[in-house]
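The exercises below are to be worked with the sequence and the model in view. Try each task before reading its solution.

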Amino acid sequence: MLNKVILMGRLTADPELRQTPSGISSCRFSIAIDRSYKSRDTGERQTDFINVVTWRQTAEFVSRYFSKGRMIIVEGSLRNNNYTDSNGVKHYSMDVQADNVSFGESKAASAANSGIGDVNGFQQPSEYQNNRVQEAPAKSQPADDSIQLGDLGDFEEILSDGEVPF
């Protein structure tokens, strides 16, 4: 049997990082995903809001590097969370339990969408300074675009009879 979910959308709010009594990190967040078709009545795309749960290092990663509006890619499985409340009413909900999470857009696109400072100079608002990994500036490329191949005299041409060796 197969239960695999892959989603790409934008966070609807900042992720909530919590800890279980035994110290395990968990993070809950919701992502908005536009449907691929438009409504006949309004001509607008409808949006689905999907709840996601992450655990341990993935939870800490999401809480540290993602915020409201950021594009995120989530891989995981669908889980139902049915329960009966104290009044005897049965509640039904579905969450995605994320196994893998990654960035859904480049740093430049993210900065343009969220208004975070100068991307090339790596400026960030002060509230992000202590929570984000500082990136090293890109290495400068040499002005000469030619490729150095080295001495090819050490190589020998292999003659083939046309048959695959396996």
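**Exercise 1: Arg35**

The side chain of Arg35 lies 3.3 Å from the side chain of Tyr37, in a polar contact. The model is a predicted one.

Task: State which element holds Arg35, and find which side chain joins that of Arg35 in a polar contact of 2.7 Å.

Solution.
- Step 1. Locate the residue: Arg35 is part of strand 3.
- Step 2. Look for the partner at 2.7 Å: the side chain of Gln46 makes this polar contact with the side chain of Arg35.
- Step 3. Set aside neighbours within four places in sequence; Arg35 then touches Arg45, Gln46 and Asp48.
- Step 4. Check Thr47 as well: its C-alpha is 5.8 Å from that of Arg35, and the two residues are 12 apart in sequence.
- Step 5. Classify the accessibility: Arg35 has a relative accessible area of 27%, so it counts as partly exposed, since buried means under 20% and exposed over 50%.

**Exercise 2: Ser26 and the hairpin**

Task: Decide whether Ser26 is buried or exposed, and name the residue that stands opposite Ser26.

Solution.
- Step 1. Place Ser26: this residue belongs to strand 3, which covers residues 25-38.
- Step 2. Compare its relative accessibility with the cut-off: Ser26 has 14%, and is therefore buried, as the limit for buried is under 20%.
- Step 3. List the contacts, leaving out neighbours within four places in sequence: Ser26 meets Glu16, Leu17, Arg18, Thr54, Trp55 and Ala59.
- Step 4. Pick out the residue opposite: Arg18 faces Ser26 in strand 3.
- Step 5. Describe the strand pair: strand 2 (residues 16-19) runs antiparallel to strand 3, and four bridges join them.
- Step 6. Examine the turn: five residues separate strand 2 and strand 3 in this hairpin, and Gly23 in the turn has a positive phi of about 90°.

**Exercise 3: Strand 1 and Glu105**

Task: Find which strands pair with strand 1 in the antiparallel sense, and which side chain makes a polar contact of 3.5 Å with that of Glu105.

Solution.
- Step 1. Take strand 1 (residues 5-11) and strand 5 (residues 71-80): six bridges pair them in the antiparallel sense.
- Step 2. Name a bridge here: Met8 has Ile73 in strand 5 as its partner.
- Step 3. Turn to strand 3: strand 1 pairs with this strand too, antiparallel, over two bridges.
- Step 4. Name a bridge here: Arg10 is partnered by Ala32 in strand 3.
- Step 5. Follow the side chain of Arg10 to that of Glu105, with which it makes a polar contact (3.5 Å).
- Step 6. Place Glu105: this residue sits in the loop between strand 8 (94-103) and helix 2 (107-114).
- Step 7. Look for a backbone atom: the side chain of Glu105 also reaches the backbone nitrogen of Met71, at 3.4 Å.
- Step 8. Classify Glu105: its relative accessible area is 16%, so Glu105 is buried.

**Exercise 4: The whole chain**

Task: Say how many helices and strands the protein chain has, and what share of its residues is buried.

Solution.
- Step 1. Count the elements: there are three helices and eight strands.
- Step 2. Read them in order from the N terminus: β-β-β-β-α-β-β-β-β-α-α.
- Step 3. Give the buried share: 23% of the 166 residues in the protein chain.
- Step 4. Give the exposed surface: about 12,900 Å², of which carbon and sulfur atoms supply 50%.
- Step 5. Consider contacts between residues at least 6 apart in sequence: 55% of these join residues at least 24 apart.

Key:
Residues are numbered from 1 along each chain as its sequence is written. This is a predicted model: local features need pLDDT of at least 70, side-chain atom pairs count only at pLDDT 80 or more; totals for chains, interfaces and linings use all residues. Side-chain values use heavy atoms; hydrogens and water are left out. Buried means under 20% relative accessible area, exposed over 50%, partly exposed in between (1.4 Å probe, protein chains only). Contact means heavy atoms within 4.5 Å. Two strands pair if DSSP finds at least two bridges between them. A polar contact is a pair of N or O atoms within 3.5 Å; within protein, one must be able to donate a hydrogen and the other to accept it, and residues adjacent in sequence count only if both atoms are side-chain atoms.
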